Amino acid sequence: MLFKKKPLTSKHVLISRTDNIGDVVLTLPMAARLKQINPGVRISFLCRSYTARAVRYCNSVDAVIELEDIADPAAYFRGSDIDTIIMAQPDHDLTLAAFKGGIPNRIGNARQKLYLNIFCNRRVRFSKGKCLAHEAQINFAFLRPYGETAVPAREDIPALYDFSIPADAEIDGMLAPHAFNLILHAKSNGHGREWPQEYYLALATMLQDEPGMRLWLTGSSEEGEWLARHAPELLAQPNVRNVCGRFTLAELTIFIKHADGLIASGTGPLHLSAAIGQRTLGLFPPTRPMHPGRWAPLGEHAQTLCVETCESNCHKSADPTCDCMRRIRPAAVHQVVKRWMREQS
């Protein structure tokens, strides 16, 4: 006879998510829901130093632990009061360390990796391969050991984001002279299909005569150098400023929050922008696994543009952009920006 385990109740949960900022952001609604179903729980979040700077703005997280600061994870776990770890991202060394460190409850997706089946004792089982749910919805499977089987609808997830973003005098000074500050995060660090650079140039040209319009190009230093080599005409536009590499992630979060809108393809800052309530437009291909059904930005003021079908087998392409992205015309994006401007006025 099989005996079902009682629903879990935790005092201190560690959520482990040591990958990229977009994945981290889409895990935070699950953390907020955990606080609702397990009142009084303390939630710590284990992530890389880079993403930690943004996670600290999330009110659903009580403490942020940077992976780089832990020399011996097993010893760290053994000396902590953590009673539950959620392996929201598979990691062999951290899973083994949680087992050796004696964390009583270890939640992991047993269908992902064999070691999760061996070292986790509160196993969940789900497959992402053919799943039609959004990535943020998929993360709610990790709450099944708490007796939580309901998955919020996509339109309900934005209410689970809770950020407190401070002001910054220098950033305020950069944005204040302009009536409308639009962020263009033109590259994706290889994480998604990119809108063609010539389309960003076309958009900048369409917006040239808008009074007080400033376009800000954000990204890493390397992406800024790439744009300087491959899109010099875009950088030369009088209404465009290149601030790639200028901000830490914490500063970029503030910059996004206090601007007026952001446009990007499937990349971390897109999800961060949506989560903190900024006007956000995501540009996507319809092909799996990059399609908006899985990766659309989720926020009260977020939306996407995507063609209905792929006509060129774009999923086989290794290029950063593709025909599906080229079919999202600059005029369509321009219409969205014009609507944003009307909303602000």
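A salt bridge here is a side-chain nitrogen of Lys or Arg within 4 Å of a carboxyl oxygen of Asp or Glu. Keep that in mind for the first stops.

Before you click, some ground rules: this is a predicted model, where local features need pLDDT of at least 70 and side-chain atom pairs count only at pLDDT 80 or more, while totals for chains, interfaces and linings use all residues. Residues are numbered from 1 along each chain as its sequence is written, and side-chain values use heavy atoms, with hydrogens and water left out.

**Stop 1: glutamate 135 and arginine 294**

Select glutamate 135 and arginine 294 and show their side chains: they form a salt bridge, with N and O 2.8 Å apart. Glutamate 135 sits in helix α7 (residues 135-138) and arginine 294 in helix α14 (residues 292-295), so this pair ties together parts that are 159 residues apart in sequence. Helices (H or I, at least four residues) and strands (E, at least two) are DSSP runs, numbered from the N terminus.

Buried or exposed: which are glutamate 135 and arginine 294? Both are buried. The cut-offs are relative accessible area under 20% for buried, over 50% for exposed, and partly exposed in between (1.4 Å probe, protein chains only). Glutamate 135 itself comes out at 2%.

Now show what surrounds glutamate 135. Leaving out residues up to four places away in sequence, glutamate 135 touches Arg17, Leu26, Lys128, Arg294 and Trp295; contact means heavy atoms within 4.5 Å. Add aspartate 23 to the selection too: its C-alpha atom is 8.2 Å from that of glutamate 135, though the two are 112 residues apart along the chain.

**Stop 2: more charged pairs**

While aspartate 23 is lit up, add Arg17 and Asp19: Arg17, Asp19 and Asp23 are linked in a network of salt bridges. Side chains of opposite charge can pair when their charged atoms come close.

Next, pick glutamate 66 and arginine 56. Their salt bridge has its closest N and O atoms 2.9 Å apart. Glutamate 66 belongs to strand β3 (residues 63-66) and arginine 56 to the loop between α3 (49-55) and β3, so the link ties together parts 10 residues apart in sequence. Glutamate 66 counts as buried at 16% relative accessibility, whereas arginine 56 is partly exposed at 46%.

Then jump to lysine 187 and glutamate 194. Their side chains meet in a salt bridge (2.9 Å, N to O), and both residues are buried. How many salt bridges are there by this rule? The count is 11.

**Stop 3: serine 10**

Head for serine 10, in the segment before β1 (12-16). Serine 10 is buried, at 4% relative accessible area. Measure across to tyrosine 146 in your viewer: a polar contact of 2.8 Å joins the two side chains. (A polar contact is a pair of N or O atoms within 3.5 Å; within protein, one must be able to donate a hydrogen and the other to accept it, and residues adjacent in sequence count only if both atoms are side-chain atoms.) Setting aside neighbours within four places in sequence, serine 10 is in contact with Asn38, Val41, Asp83, Thr84 and Tyr146.

**Stop 4: helix α2**

Colour residues 28-37, helix α2, where the buried residues are Leu28, Pro29, Met30, Ala31, Ala32 and Leu34. What do they pack against? Their partners are β1, α1 (21-25), β2 (42-47), α3 and β4 (84-87).

**Stop 5: strand β8**

Select residues 213-217. This is strand β8, with 5 of its 5 residues buried. Both faces are covered: Met213, Leu215 and Leu217 lie on one side, and Arg214 and Trp216 on the other.

Now bring in strand β7 (residues 180-185), which runs parallel to β8 and is joined to it by 5 bridges; strands pair if DSSP finds at least two bridges between them. Look for phenylalanine 180 opposite methionine 213. To get from β7 to β8 the chain passes through helix α9 (residues 197-206), in a right-handed β-α-β crossover. Right-handed means that, with the strands pointing away from the viewer, the path from the first strand over the helix to the second runs clockwise.

Strand β9 (residues 240-242) is also parallel to β8, with 3 bridges. There, leucine 215 stands opposite valine 240.

**Stop 6: the cysteines**

Finish with the sulfurs. The structure holds 0 disulfides, a disulfide being a pair of cysteine sulfur atoms within 2.5 Å. For cysteine 47, the nearest cysteine sulfur is that of cysteine 58, 11 Å away. Cysteine 47 is buried, at 0% relative accessibility. For cysteine 306, the nearest is the sulfur of cysteine 324, 7.4 Å away; cysteine 306 is partly exposed at 29%.
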